[in-house]
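Visitor: I should like a close look at a single part of this model, with the cut-offs behind each term. Please begin with the side-chain contacts and work outwards from there.

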Amino acid sequence: MARTKTTKAEPKKSGGMTVREAGRKGGEVTAQRHGPQFYEEIGRKGGQKVKELIEQGKRAQLEQ
């Protein structure tokens, strides 16, 4: 059996947009609608969640 060289596939265009294009477009709309304060708030919430999970992990290790 002959092996073929693997190359990066071209995105299929069937009149629509690629996933990358859709993500970029959605991100731009979100930034326009909510502004920088939105990103600050979700970043802070994410950081707090990570902190809580680390504390839970440390407690679980101590209990073992």
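Guide: Glu41 forms a salt bridge with Lys45 (a side-chain nitrogen of Lys or Arg within 4 Å of a carboxyl oxygen of Asp or Glu), and their closest N and O atoms are 3.2 Å apart. This is a predicted model, in which local features need pLDDT of at least 70 and side-chain atom pairs count only at pLDDT 80 or more, while totals for chains, interfaces and linings use all residues. Residues are numbered from 1 along each chain as its sequence is written, and side-chain values use heavy atoms, with hydrogens and water left out.

Both Glu41 and Lys45 lie in helix H1, four residues apart, about one turn of the helix. Helices here are DSSP runs (H or I, at least four residues), as are strands (E, at least two), numbered from the N terminus. An α-helix has 3.6 residues a turn, so residues three or four places apart point the same way. Glu41 is partly exposed at 39% relative accessibility, whereas Lys45 is exposed at 53%; buried means under 20% relative accessible area, exposed over 50%, and partly exposed in between, with a 1.4 Å probe and protein chains only.

The whole structure holds two salt bridges. Arg24 also forms one, with Glu28, where the closest N and O atoms are 3.5 Å apart. Arg24 and Glu28 are likewise four residues apart in H1, about one helical turn. Arg24 is partly exposed at 49% relative accessibility, and Glu28 is partly exposed at 42%.

The helix that carries these pairs, H1, comprises residues 19–63. The chain has one helix and zero strands. A straight helix of 45 residues would span 66 Å at 1.5 Å a residue (the rise is multiplied by one less than the number of residues), but H1 spans only 45 Å between its end C-alpha atoms. H1 bends by about 100° at His34, the angle being taken between axes fitted to the seven residues ending there and the seven starting there. A proline, Pro36, follows within four residues.

One aromatic pair is found in the whole structure. The ring centres of Phe38 and Tyr39 are 5.3 Å apart and their planes stand at 80°, so the pair is edge-to-face. Rings of Phe, Tyr and Trp (its six-membered ring) pair if their centres lie within 6.5 Å, with planes under 30 degrees apart counted as stacked, over 60 as edge-to-face and the rest as tilted. Phe38 is partly exposed at 27% relative accessible area, and Tyr39 is partly exposed at 38% relative accessibility.
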